Every structure is written in C-alpha cells, then in structure tokens.
Amino acid sequence: MFEGIEFLNKEFFWLFLLLPLALLWYVFKHKKQTAELKISSLKGFKVSNSWLPKLRHLLFALRLLALAALITAMARPRTVDVSTKTKTTRGIDIVMAIDVSASMLAKDLSPNRLEALKDVAAEFIAGRPNDRIGLVEYAGESYTKTPITSDKSIVLRSLNEIRYNNIIEGGTAIGMGLATSVNRLKDSKAKSKVIILLTDGVNNSGFIDPKIASELAVEYGIKVYTIGLGTNGMALSPYAVNPNGSFQYARVQVEIDEALLKEIAEATGGKYFRATNNKKLAEIYDEINKLEKTEIEEFKFYNYEEKYRPLVLLAGLLLAIELLLRFTIFRSFV
C-alpha cells in the first residue's frame, strides 16, 4: 500500500499511541454512563429488537479512523520520482595492442594464451561504456584491427575475430605494435590516452626500435601499460607444423623481455604486469580498469508529490459522517 511512499515527519506516528488510550477511555466512560435497573420480571414490558443501540459505537469508530488519517497526514506522506542524468566529463581513449604470434597458442593458460586474453579483454571492454577503444594486432609486423571507436559492439566483434594466421610475418615486433598504437592515438583529443601492450616474447622483428616507439608515446602524452604473458619456466608451445596445417607441441622455455616492458611502462608513466595464469591475467585487467577511471558527473532530479491531502479529506469526510449520524439516526441514543 505504501510502496514508493516516504514519510517526511515520521515522529508524528508516536501519536498513534493515543488511540488505544482513547479506546480505553471510551469503554470506561460507556460503563459509567450506562444505568442498571434490576427487576424480578420483564412481564408487562415491551421488548424492542432495534439494532440502532448496538451500532452507536460506530460513531466512536469513525472518530478514531478520522484521527488516524489526520496523524498519517501530519507525517507528510509523499512519493519521490528520481531521474538521473550522467555526463562524461573526462573520456579516455584506449588502444589494446595484442601479440598474435604463434607462441600465443601456448597452452600454459586455458585453453591457450590468445583465447584466455580475448575472454578477459572482452570483459574489460564491456566494462568501459564511456570510453573509446581500438585494437592493434602485431607479430612480425603490425596493423590496426579496429580504429578507436565508442561502438563497443564493433570492438567486441573484432576482438572475437582475432586468430593466429600465417599471413602476418612471423616474429614479435614489439616496437611496431607500439608505434602503430601510438599512431592511432596521436591525434586524439581525449584528456587521457592509454595503450595496453601485451606480449609473450621478446622483440625480434620489425624496423622500429621499441625504445623509439616509447619516446613517441611520451611525446604525445600516451601512457603505456605493458603485460608479459606466460608462465614462469616451461610451457607447452607450438614448435612445428604438420602437413595438414595443425601444430606440433612441445615444452619450451618461456622468454619474455621483462626489462624492456618495464622500461616502456616507466618511461610513459604506465605500469608493468606479469600474467602467469588465467586468474592473474584477469586481475591485471581489473587493476588497469581501476587505475584508469573515467570521470562521470551525475545529476539527480527529484520530483515530490505530496499525498497528505487525500488523508485530510478522508478525515473530514469521516467526521462529517459521524456528526450527521449523531444528530440524525443516533440522536436518541447519544
């Protein structure tokens, strides 16, 4: 009944304690005013079966109901309609640079490094509705998979389509991947520009030195978070191709140029992370999500509708009915 209704002056509900006291007073007064006559027999008296004397207590009930309605009205019931409007005051442009070399098919993460990354990255993208995001793929060379866009459906679809293929030259060109990402962000007007660079190897391809690419990022005010992906020690990785195109797997040593990734992150004001399993990878993206907060200004509009007037009218109607009955039907019994 009172769903969605708030009471501004709840202290008036203490007045409801007067209602039981009023009821006790009425019972006591009624007993005092009722005269008793003891006789030996009712013979000779006409017995009336009128229902009016039994209903005279209705007058007091109406008065109590009117009092309850007035108390509720004094408590100021009202409904509140809250409408919210949000305004993004500080947008972030993010490019995710993803290593798609053959080593990303290693099975030290489940089901493999690339698929584990795609699952975590998809959650990260979906959790940033107010930012623009782009994708860059790199192996021995790099290219833009998706330019920065606010349409998350496009980014998620492109992320899902990322596969290892032998069209891109083999190797790991960290400098190329970083430079392509910088190129996508250098003309951005966003207040904050971020690159998330992920690799599972060392820089062994490409014609752009990673340090030169990091200097470009610094020049354009771009922060780079670097992630080294792969377990410590040995990992089940592809090392040869079967005639049917499938890979042969063997346990090989994981090699990640952590010193380079740390240097890139520190130079650009970012941070280096190491992901050795699925859980750690998810935690890293969650931490980056917390570090790069988009400032959102929220406006709330409150529309109040007072509900005490119907209660006052109800109380007045109940009192009017009581007075009408008191001076008409029940006049002889009051």
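# Group meeting talk: a walk through the sheet and its helices

Let's start in the middle. Strand 3, helix 4 and strand 4 make a right-handed β-α-β unit. Keep in mind that this is a predicted model. I'll take the parts of that unit one at a time, then move outward.

First, the two strands. Strand 3 covers residues 92–99, and 7 bridges join it to strand 4. The two strands run parallel. If you want one pair to find on screen, take valine 95: its bridge partner in strand 4 is glycine 134.

Now the helix between them. Helix 4 is residues 113–126, which makes 14 residues. How far should it span at 1.5 Å a residue? The expected figure is 20 Å, and the end C-alpha atoms are 20 Å apart, so the two agree.

Look at the start of helix 4. Asparagine 112 caps its N-terminal end. A side-chain oxygen of asparagine 112 lies 3.1 Å from the backbone nitrogen of leucine 114.

Which residues of helix 4 are buried? Here they are: Arg113, Leu114, Ala116, Leu117, Lys118, Val120, Ala121, Phe124 and Ile125. Watch the spacing as you read that list. An α-helix has 3.6 residues a turn, so residues three or four places apart point the same way. Pick out Leu117, Ala121 and Ile125, for example, which are among the buried ones.

Lys118 has a partner worth finding. Lysine 118 and glutamate 161 are 43 residues apart in sequence, yet 9.6 Å apart in space, C-alpha to C-alpha. Glutamate 161 sits in helix 5, residues 152–161. Is glutamate 161 buried or partly exposed? Its relative accessible area is 45%, so it counts as partly exposed.

Back to strand 4, residues 132–138. Of its 7 residues, 6 are buried, so the rest of the structure largely encloses it. Strand 4 also pairs with strand 5, residues 142–149. This time the sense is antiparallel, over 5 bridges. Strands 4 and 5 form a hairpin, with 3 residues between them. Tyrosine 138 stands opposite serine 142 of strand 5.

Zoom out to the whole sheet. The sheet is open, has 6 strands, and runs in the order 5-4-3-6-7-10 with mixed pairing. Which strands are at the edges? They are strand 5 and strand 10, and each pairs on one side only. From one strand to the next, the twist averages 15 degrees.

Further along that order come strands 6 and 7. Strand 6 is residues 192–199 and strand 7 is residues 222–229. They pair in the parallel sense over 7 bridges. Lysine 193 stands opposite isoleucine 222 in strand 7.

Next, an arginine at the edge. Arginine 274 lies in strand 10. It is buried, with a relative accessible area of 16%. What does its side chain contact? It makes a polar contact with the side chain of glutamate 258, at 3.3 Å. A polar atom of the arginine 274 side chain also lies 3.4 Å from the backbone oxygen of threonine 231.

One loop residue to note. Isoleucine 256 is in the loop between strand 9 (247–253) and helix 8 (258–268). It is buried too, at 15% relative accessible area. Isoleucine 256 is 57 residues from threonine 199 in sequence, but their C-alpha atoms are 7.8 Å apart.

Now helix 3, residues 57–74. It has 18 residues and reaches 26 Å from first C-alpha to last, close to the expected 26 Å. Its buried residues include Leu59, Phe60, Leu62 and Ala66. Ala68, Ala69, Ile71, Thr72 and Ala73 are buried as well. Just after helix 3, arginine 76 takes a positive phi of about 60 degrees.

Last, the record. Under "transmembrane region", an unreviewed UniProt entry lists residues 12–28, 55–75 and 311–329. What does the model show for residues 12–28? That span is 65% helix and 0% strand, with its end C-alpha atoms 26 Å apart. Residues 311–329 are 84% helix and 0% strand, and the end C-alpha atoms there are 26 Å apart.

That's the tour. If you open the model afterwards, begin with strand 3, helix 4 and strand 4, the right-handed unit. Then follow the sheet in its order, 5-4-3-6-7-10.

Terms used. Residues are numbered from 1 along each chain as its sequence is written. This is a predicted model: local features need pLDDT of at least 70, side-chain atom pairs count only at pLDDT 80 or more; totals for chains, interfaces and linings use all residues. Side-chain values use heavy atoms; hydrogens and water are left out. UniProt positions are given in the numbering used here, feature names are shortened, and annotations may be inferred rather than shown by experiment. Helices (H or I, at least four residues) and strands (E, at least two) are DSSP runs, numbered from the N terminus. The expected span of a helix is 1.5 Å times one less than its number of residues. Buried means under 20% relative accessible area, exposed over 50%, partly exposed in between (1.4 Å probe, protein chains only). A polar contact is a pair of N or O atoms within 3.5 Å; within protein, one must be able to donate a hydrogen and the other to accept it, and residues adjacent in sequence count only if both atoms are side-chain atoms. Two strands pair if DSSP finds at least two bridges between them. A crossover is right-handed if, with the strands pointing away from the viewer, the path from the first strand over the helix to the second runs clockwise. Axes are lines fitted to C-alpha atoms, for helices over the stretch in contact, and angles run from 0 to 180 degrees between N-to-C directions.
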